[in-house]
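Work through the exercises below with the sequence and the coordinates open. Each task is followed by a solution in steps.

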Amino acid sequence: MADNKTYFIQTYGCQMNERDSETIAGMLEQEGFVPALERDGAGVIVLNTCSVRENADNRFFGQLGVMKKIKEKNPDSIVAVCGCMMQQEPVIRKIREKYNWVDIIFGTLNIDEFPSLLRRRLAEGRQAMSVSEAREHIAEGLPSVRKYPFKSFVNIMNGCNNFCTYCIVPYTRGREVSRQPEAILEEIRSLAADGVREVTLLGQNVNSYGKADRFDTDFADLLYRVNEVDGIERIRFMTSHPKDVPDRLIGAFRDCEKLCHHIHLPVQSGSSRLIKKMNRHYTKEGYLETVAALREAAPDIAITTDIIVGFPGETEEDFEETMDLVRKAQFDSAFTFLYSVRDGTPAAKYPDQVPEEVMHRRFDRLVEALNAITAEKNLAYQGRVEKILIEGPSARGGDGICSGRTDTFKLVNFRCNPARAGELADVRITEAKTFSLFGELV
Ligand code: SAH
Ligand code: SF4
Ligand code: F3S
């Protein structure tokens with residue numbers, strides 16, 4: 001094994017990657033590695049990549065250029081690359097042709113093989129690689145290093161079968177495979193025994209949990225069962241697809257007292273015509289009905305979303321439909337994206353790409369409207385007392401300021417002893433800003 005037993009993991013992309021990085025860290029620690037304080041000089045450097053952002057390829061190869069310099073300085077350090085970019089054939093080809101000094105390459109379905117690839121690389125001195133296109137089972141029982149002792153992600157399924165026409169994820173994460181409910185519950189019970197109070201169930205489309213595998217347990221059943229686990233006090237989940245939000249899932253917001261009143265429900269567009277071209281299988285009206293049903297079941301529920309501006313063929317009318325939907329849905333917050341081409345997806349070949357300046361103009365108008373609604377929603381919190389899970393020192397709040405989230409996922413900063421991290425405490429909201437709240441412990 002290597003002499004320098006320190007590691008550094010750089011993670012890009014979504015919570016799925018963050019969760020995978022925790023597993024990668026867990027495996028490295030099982031092999032006797034400890035975290036390095038900084039990237040340069042670490043014995044093992046892992047780049048966990050994402051393909052979803054614009055220019056992901058350029059940025060990744062730019063990062064590899066930096067890695068090459070690091071390796072020139074420390075020839076014994078091991079550079080491993082993994083994540084969604086490794087599932088793209090042209091990327092692998094380019095690494096093997098032009099970046100053959102990269103030590104280890106593994107795919108999103110091969111995370112459990114990392115320790116053996118590392119051993120192979122060290123024993124044989126050659127590049128070690130494992131990238132699969134499909135796997136039927138999710139490896140269970142892998143170790144993990146959690147970022148927080150009191151909250152944790154729990155992966156409930158891998159992959160995506162939806163093939164939205166703009167999206168690369170189904171090609172990088174493979175087909176949907178769900179974990180057995182018992183394995184999930186076992187993990188959550190052991191997390192609870194370990195002091196975890198909040199779990200976030202993860203999947204690209206959690207509502208279809210168990211469907212492709214024909215389980216008897218569906219996502220709503222799973223929520224009811226997680227709600228029974230002693231010690232867990234908050235349950236969150238990500239992400240839901242608007243095409244399948246069944247009444248039983250909406251009912252869970254009423255029945256499961258631990259289920260947090262927040263749902264991330266990416267709408268992508270307010271134009272039913274475009275939603276169809278995106279292959280998303282719902283309409284603007286259907287989406288708004290789902291929003292209304294959720295608010296009826298849980299009047300204080302926070303609804304957040306993702307919106308893409310400038311999908312190919314988006315007309316002024318289509319965009320106005322999005323603006324109208326935004327006004328009607330009253331989102332608590334939204335991630336907005338400028339459409340950008342992902343090679344290999346159907347939309348990349350659509351002829352009617354929207355000109356940049358049109359896209360930018362629409363984007364600015366949309367963001368302005370969304371921010372005004374977010375600010376108004378936040379203002380309604382002023383004066384309320386909210387239960388906050390204290391997370392520790394605030395990233396931006398300054399000395400003596402901690403942050404945490406309300407049940408509805410609003411970020412709150414307040415003066416607090418950081419030693420209280422992990423506690424659920426009452427905080428009175430004294431000030432609302434556009435993207436966060438300020439309060440005081442009561
Ligand atoms: N599984 C999640 C989303 C994963 S990708 C879901 O279905 O909701 C996260 C977000 O990135 C998407 O919701 C979408 O808004 C955005 N996105 C994905 N591909 C994109 C593209 N080609 N151009 C712009 N935004 C994109
Ligand atoms: Fe991508 Fe659509 Fe799957 Fe989400 S549901 S990951 S947007 S293909
Ligand atoms: Fe990116 Fe892969 Fe997640 S492409 S958004 S890291 S599933």
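Contact here means heavy atoms within 4.5 Å. The model is a predicted one.

**Exercise 1.** Find where Val 442 lies, decide whether Val 442 is buried, partly exposed or exposed, and list its contacts beyond four places in sequence.

Solution.
- Step 1: Val 442 belongs to the segment after β19 (437-441).
- Step 2: The relative accessible area of Val 442 is 55%. The cut-off for exposed is over 50%, so Val 442 is exposed.
- Step 3: With neighbours within four places in sequence left aside, Val 442 touches Val 385, Asp 426, Val 427 and Arg 428.
- Step 4: For a long-range reference, take Leu 37: 405 residues separate Leu 37 from Val 442 in sequence, and the C-alpha to C-alpha distance is 37 Å.

**Exercise 2.** Identify the buried residues of helix α8 and name elements that cover them.

Solution.
- Step 1: α8 spans residues 247-255.
- Step 2: Its buried residues are Leu 249, Ile 250, Gly 251, Ala 252 and Phe 253.
- Step 3: Among the elements covering these buried residues are two helices, α7 (219-226) and α10 (284-297), and two strands, β11 (234-238) and β12 (262-264).

**Exercise 3.** Describe how α8 packs against α10, and how α10 packs against α11.

Solution.
- Step 1: Two packed helices are described by the angle between their axes and the distance between the axes.
- Step 2: For α8 and α10, the axes come within 8 Å and the crossing angle is roughly 25°. An angle under 35 degrees counts as roughly parallel, so α8 is roughly parallel to α10.
- Step 3: The crossing of α8 past α10 is right-handed.
- Step 4: Ile 250, Phe 253 and Arg 254 of α8 make this contact with Ala 293, Leu 294 and Ala 297 of α10. Of the α8 residues in this contact, Ile 250 and Phe 253 are also buried.
- Step 5: For α10 and α11, the axes come within 11 Å and cross at roughly 10°. α10 is therefore roughly parallel to α11.
- Step 6: On the α10 side the residues are Lys 284, Tyr 287, Leu 288, Val 291 and Arg 295; they meet Glu 321, Asp 324, Leu 325, Lys 328 and Ala 329 of α11.

**Exercise 4.** Count the aromatic pairs in the whole structure, then classify the pair of Phe 163 and Tyr 171 and the pair of Tyr 166 and Phe 311.

Solution.
- Step 1: The whole structure contains 14 aromatic pairs.
- Step 2: The ring centres of Phe 163 and Tyr 171 are 5.4 Å apart and the planes stand at 80°, so this pair is edge-to-face.
- Step 3: Phe 163 has 28% relative accessibility and counts as partly exposed; Tyr 171, at 35%, counts as partly exposed.
- Step 4: Tyr 166 and Phe 311 have ring centres 6.3 Å apart and planes at 85°, so this pair is edge-to-face.
- Step 5: The pair joins distant parts of the chain, 145 residues apart: Tyr 166 is in the loop between β8 (157-158) and α5 (169-173), and Phe 311 is in the loop between β13 (302-309) and α11 (316-329).
- Step 6: Tyr 166 is buried at 11% relative accessibility, and Phe 311 is buried at 0%.

**Exercise 5.** Which residues do ring pairs link into a cluster, and which charged residues lie over the faces of Tyr 148 and Tyr 381?

Solution.
- Step 1: The cluster consists of Phe 60, Phe 61, Tyr 99 and Trp 101.
- Step 2: Over the face of Tyr 148 lies Lys 151, 4.6 Å from the ring centre.
- Step 3: Over the face of Tyr 381 lies Arg 384, 4.2 Å from the ring centre.

Methods
Residues numbered from 1 in each chain as written. Chains lettered and ligands numbered in written order. Predicted model: local features only at pLDDT ≥ 70, side-chain atom pairs only at ≥ 80, totals over all residues. Heavy atoms only, no water. Buried < 20%, exposed > 50% of the residue type's maximum accessible area, 1.4 Å probe, protein only. Phe/Tyr/Trp six-rings, centres within 6.5 Å; stacked < 30°, edge-to-face > 60°. Lys NZ or Arg CZ within 6 Å of the ring centre and 35° of its normal. Axes fitted to C-alpha atoms, helices over the stretch in contact; angles between N-to-C directions. Parallel < 35°, antiparallel > 145°, perpendicular 65-115°, else oblique. Left-handed = near helix turned anticlockwise from the far one by under 90°.
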